Amino acid sequence: MTTTADHHTADHHYMAQALQLAARGLHTTDPNPRVGCVLVRDGEVVGTGWHRRAGDGHAEYIALQAAGPRAEGSTAYVTLEPCCHHGRTPPCTDALIAAGVKRVVAAMQDPNVRVAGGGLAQLYAAGIEVQCGLMEDEARALNPGFIRRMEENRPHFRLKLAMSLDGRTALASGESRWITGEAARLDVQRWRSRSSAILTGINTVLADDPSLNVRLPDTSRQPLRVILDPGLRTPPTARLLDLPGEVLILTAREDAEPAARLRERGASVVTVPRGGRGLDLGAVARELARREMNEVHIECGATLAGALLEARLLDELVIYLAASVLGDNARGLFRLPPLAGMAERVEFHIQNIRAVGQDWRIIAHPRFQS
């Protein structure tokens, strides 16, 4: 069994197709990974499939169904190692073996410990040629939350910020509607839609009374709405409690009365330990992972943003830059302790910059020093 990518042109072509299929599940597969599969025999695509939602058939199974008897002797290009365990669906390895597939090319090994190379080993033991690692970076980019949850027992935390040219997110009064234009706000809805949860802090709830929901016309699923509320100050009249979908309030206050009022409004209230500036953010991350949250979309103020950055729990920034200036008394992006020198600064790797309407969107990843 080889573990290096085959750089043959045809292999890249068909794996690219599988990745495109996997991306169709960007907004629906949660908490499962997004996976695509292409079956090819004698240079012809005989079956394709992608995983749509948890409980539905896996990509390999759907592709095999589409191919029927033509699957025998084919090569299966799959964006994630085929599963070898019984979950909501039977093992994909069994189906591939039974169909007579002669070769499997996987983009990456499954980080789930229940698989973790076992699926490829089972296929190899059955006499199937196996290769792994082709276009792995692209495959990992499709499932940052699932991978991080499997490998680190926490979700992928993505922070959305909107700022002016002078790096301000709101006026000193807190007014921030609207820094960016309509196109940017629509783009934010797409980021929300692909997420397992939308998270904010209690100060944002009290100041803005946000909805934290997805407002797209074809929305089929509302992410979990999460409030970090150390002192349990969420008002029972909060707007988000009136909207469809689940609300989770994480608090450090063990007080039955306010918790009971919020539970009467349909919210789940869970106690986690306190941390330096509020809640223990590591405990928050573990609780969300326990609930199978993959990608967590964060919209919050400078205090929580700074705390997440200090805790090294920010994995990705999505920043919308508007062509306006708010002045030096307006609010900044992160509230952080003063730095003693430039060596203490947090640097970011900018992955992508593009125009969104009249604004610019910057996607960046922090480079934390070890």
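The following exchange concerns the sheet, two helices, a cavity and one residue of a predicted model.

Trainee: In the open sheet, which strands are the edge strands?

Mentor: Nine strands form this open sheet, with mixed pairing, in the order β10-β9-β8-β7-β11-β6-β12-β14-β13. An edge strand here pairs on one side only. The edge strands are β10 (268-271) and β13 (347-356).

Trainee: By how many degrees are neighbouring strands of this sheet turned against each other on average?

Mentor: The figure is an average over neighbouring strands of the sheet, with direction ignored. It comes to 25 degrees.

Trainee: Which residue of β12 is the bridge partner of Met-163?

Mentor: Strand β6 covers residues 156-163 and strand β12 covers residues 316-321. The two strands pair in the parallel sense, over six bridges. In β12, the bridge partner of Met-163 is Leu-321.

Trainee: What angle does the direction of helix α7 make with that of β12?

Mentor: Helix α7, residues 182-193, packs on the sheet. The strands that α7 touches are β6, β7, β11, β12, β13 and β14. With the direction of β12, that of α7 makes an angle of about 165 degrees.

Trainee: How many of the ten residues of helix α10 are buried?

Mentor: A residue counts as buried when its relative accessible area is under 20%. In α10 (residues 281-290), the buried residues include Leu-281, Val-284, Glu-287 and Leu-288. Ala-283, Ala-285 and Ala-289 are buried as well. The helix is mostly covered, and the number of buried residues is seven.

Trainee: At the start of α10, which residue has a side-chain oxygen that reaches to the backbone nitrogen of Gly-282?

Mentor: The oxygen comes to within 2.9 Å of that backbone nitrogen. A polar contact requires N or O atoms within 3.5 Å. The residue with this side-chain oxygen is Asp-280.

Trainee: Which helix gives the most to the lining of the largest cavity?

Mentor: The model has one cavity of 30 Å³ or more, and about 50 Å³ of space lies in the largest cavity. Among the lining residues are Thr-29, Asp-30, Arg-34, Phe-146, Asn-294 and Glu-295. With three residues, the helix that gives the most is α6 (residues 144-152).

Trainee: How far apart in space are Gln-369 and Glu-344, C-alpha to C-alpha?

Mentor: Gln-369 lies in the segment after β14 (359-367). Leaving aside neighbours within four places in sequence, Gln-369 is in contact with Arg-312 and Ala-343. Gln-369 and Glu-344 are 25 residues apart in sequence, and their C-alpha to C-alpha distance is 9.1 Å.

Key:
Residues are numbered from 1 along each chain as its sequence is written. This is a predicted model: local features need pLDDT of at least 70, side-chain atom pairs count only at pLDDT 80 or more; totals for chains, interfaces and linings use all residues. Side-chain values use heavy atoms; hydrogens and water are left out. Helices (H or I, at least four residues) and strands (E, at least two) are DSSP runs, numbered from the N terminus. Contact means heavy atoms within 4.5 Å. Two strands pair if DSSP finds at least two bridges between them. Axes are lines fitted to C-alpha atoms, for helices over the stretch in contact, and angles run from 0 to 180 degrees between N-to-C directions. Buried means under 20% relative accessible area, exposed over 50%, partly exposed in between (1.4 Å probe, protein chains only). A polar contact is a pair of N or O atoms within 3.5 Å; within protein, one must be able to donate a hydrogen and the other to accept it, and residues adjacent in sequence count only if both atoms are side-chain atoms. On a 1 Å grid over the protein atoms alone, a cavity is a set of points where a 1.4 Å probe fits but cannot get out, and a pocket is an open set with protein on both sides within 12 Å along at least five of seven lines; lining residues have an atom within 4 Å of a point. Grid points are joined across faces, edges and corners, and a volume is the space filled by probe spheres set on the points.
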